[in-house]
Amino acid sequence: MSTDTTPLLRSPLHERHLALGAKFAAFGGWEMPLEYAGGGVLREHAAVREAVGVFDVSHLGKARVTGPGAAEFVNSCLTNDLGRIAPGKAQYTLCCDDATGGVVDDLIAYLIGPDEVFLIPNAANTAEVVRRLVAAAPSSLVITDQHRDYAVLAVQGPQSAETVKALGLPVEHEYMSFSTATLDGVELIVCRTGYTGEHGYELVVPWDDATRVWDALVAAGVRPCGLGARDTLRTEMGYPLHGQELSLEITPVQARSGWAVGWSKPAFWGRDVLLAEKASGPRRSLRGLELTGRGIPRGHMQVYAGSTLVGETTSGTFSPTKKVGIALALLDTAAGLAEGDTVEIDIRGRRTEARVVKPPFVQTSVR
C-alpha cells in the first residue's frame with residue numbers, strides 16, 4: 001500500500017470540471033477529469049472523431065530554455081534535430097538517458113528562435129527533464145520550470161479549424177507549427193498539434209486566464225472531453241504514452257520511435273548506445289495487436305505465439321471506432337512475427353486470439 005500523502009495538484013479549470021460533473025483520476029501527480037457527466041468516454045471519443053472536443057491537459061509540463069545558443073544546446077541534449085525546423089515550428093522529440101538510451105520523457109519542443117526554446121514535457125517527468133538540462137547547461141543559459149505558469153487546452157476533431165477560426169484565432173498554419181494570438185484579451189499560443197490523430201490545435205494559455213478561454217470554447221459548442229477518451233483516441237493511433245510504450249527501460253529503437261531521432265547529429269543524450277542498438281537490432285519491438293476474439297486487453301498482459309511467451313502488452317483498450325479490442329505490445333524480435341501473424345493475449349487467464357498489425361488502427365482526418 002502506498003504511503004505517499006502528497007496532495008494532488010489541480011488545474012486552474014478544476015472548478016469548471018466540478019460544475020460539469022467530472023469524474024476525476026490521478027495523472028502524473030495531478031487530479032484531472034477522466035470523463036464528464038452526460039458524456040462518458042464513448043461519447044467524448046465520438047465527439048473528437050466526428051466533430052470537435054476540448055481536453056484540459058494543463059497537467060502537462062512547461063519549461064523554457066533561454067540565452068545565447070539555447071536552441072543549439074537543446075539540440076545537443078534531445079534526440080530529434082532542431083536544425084530540421086525553423087522558428088515558429090514545433091517538433092516531437094525525446095529526452096534519453098545518456099548511459100542506457102532509455103527514455104526519460106517524450107516532449108514537444110517549440111522553436112521560438114536560436115536563443116529560446118519552449119518545451120512541453122509530461123507532467124510527472126517535468127522536474128527530471130529540467131534537472132538534467134540544468135545540470136548540463138552552461139552558465140550563460142537559463143532553464144526555467146514554468147509548469148504552473150501556463151494551462152494547455154487541446155481542441156481536437158474534424159471541426160476544430162472552423163471552431164477555432166470562429167473565435168478569431170489563426171488556423172491556417174501548417175502541422176507542427178505555432179503562432180501567437182489574442183482571444184478575449186488573452187495572449188496565447190496556437191499550435192497545430194495534438195494527440196488524437198484528428199485535425200486539432202493546442203492552446204497554451206497563461207494559467208490565470210485559462211477559464212476565459214475554456215468558457216469561450218464551451219460557449220462555441222465544443223464538448224469537454226476527459227483523459228479517458230484521450231487515451232482511447234491515442235491508442236487507436238498507436239501513439240506512445242510515457243510509462244507504457246516509452247520508459248527508462250524502453251528505448252526509442254524498441255518503441256519504433258527512431259523517426260524522432262536525428263541519427264546524423266554529432267551529439268544527443270544516449271547517442272552511442274542507441275546507434276549500437278540500431279545497428280545490431282533491438283531484442284524487442286513495439287507492435288499493434290487487434291483482437292479477432294472477444295475481450296478487452298490492458299497493459300502488462302502476456303502475449304504468446306503457440307506455447308511460447310513472446311512479449312507483453314504495454315497498452316490495451318476497446319476501440320470505440322472499430323468496436324474491437326486493440327493493444328500495443330513489445331514483442332521479441334527473435335519470434336520473427338510479421339504483420340498478419342496470429343498471437344494470443346492472456347486476458348485474465350483466458351487466451352484470446354489477436355492479429356499483428358501496424359498502427360494506426362483507424363484512419364482519421366489527419367492520417
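## A buried threonine and its surroundings

T232 counts as buried, because its relative accessibility is 7% and the cut-off for that label is under 20%. Keep in mind as you look around that this is a predicted model.

Where does T232 sit? You'll find T232 in helix α7, which covers residues 227-237. Leaving aside residues up to four places away in sequence, T232 touches V41, H45, T317, F318 and P320. So is T232 an exception in its helix, or are its fellow residues buried too? Of the 11 residues of α7, 10 are buried, so the helix is largely enclosed by the rest of the structure. The buried set includes the start of the helix, with L227, G228, A229 and R230, and then T232 itself along with L233, R234, T235, E236 and M237. Note that charged residue types such as R230, R234 and E236 are on that list. As a reminder, an α-helix has 3.6 residues a turn, so residues three or four places apart point the same way. Just after α7 comes G238, with a positive phi of about 75°.

Now step back to the whole chain. Its secondary structure adds up to eight helices and 20 strands. For 367 residues, a compact globule would have a radius of gyration near 21 Å, and the chain has 21 Å, which agrees. Along the principal axes, the C-alpha atoms fill a box of roughly 65 × 50 × 45 Å. Burial isn't just an α7 affair: 55% of the 367 residues in the chain count as buried. If you take contacts with a separation of 6 or more, 66% of them are between residues 24 or more positions apart.

On the outside, the chain exposes about 15,400 Å², and carbon and sulfur atoms supply 51% of that. As for charge, there are 35 positive and 42 negative side chains, and the centres of the two sets lie 5 Å apart.

Next, pick out Y150, which belongs to strand β10 (residues 150-156). Which residues does Y150 touch, once those up to four places away in sequence are set aside? They are S58, K62, R64, F118, V204, V205, P206 and W207. R64 deserves a second look, since here the side chains of Y150 and R64 make a polar contact at 3.1 Å. T6 is 144 residues away from Y150 along the chain, and the C-alpha atoms of the two are separated by 22 Å.

Finally, a few backbone details. Most residues other than glycine have a negative phi, and most peptide bonds are trans. Against that background, R256 has a positive phi of about 55° although it is not a glycine. R256 lies in the loop between α7 and α8 (271-280), and at 44% relative accessibility it counts as partly exposed. R348 also has a positive phi of about 55° without being a glycine. You'll find R348 in the loop between β19 (342-347) and β20, and with a relative accessible area of 68%, R348 is exposed. Further along, the peptide bond from P359 to P360 is cis, with omega near 10°; P360 is in the segment after β20 (350-357).

Technical notes: Residues are numbered from 1 along each chain as its sequence is written. This is a predicted model: local features need pLDDT of at least 70, side-chain atom pairs count only at pLDDT 80 or more; totals for chains, interfaces and linings use all residues. Side-chain values use heavy atoms; hydrogens and water are left out. Helices (H or I, at least four residues) and strands (E, at least two) are DSSP runs, numbered from the N terminus. The radius of gyration is taken over C-alpha atoms; the globule rule is 2.2 Å times the number of residues to the power 0.38. Buried means under 20% relative accessible area, exposed over 50%, partly exposed in between (1.4 Å probe, protein chains only). Contact means heavy atoms within 4.5 Å. Accessible areas come from the Shrake-Rupley method with a 1.4 Å probe; for residues, only the protein chains shown count as cover. The place of a charge is taken as NZ of Lys, CZ of Arg, CG of Asp or CD of Glu. A polar contact is a pair of N or O atoms within 3.5 Å; within protein, one must be able to donate a hydrogen and the other to accept it, and residues adjacent in sequence count only if both atoms are side-chain atoms.
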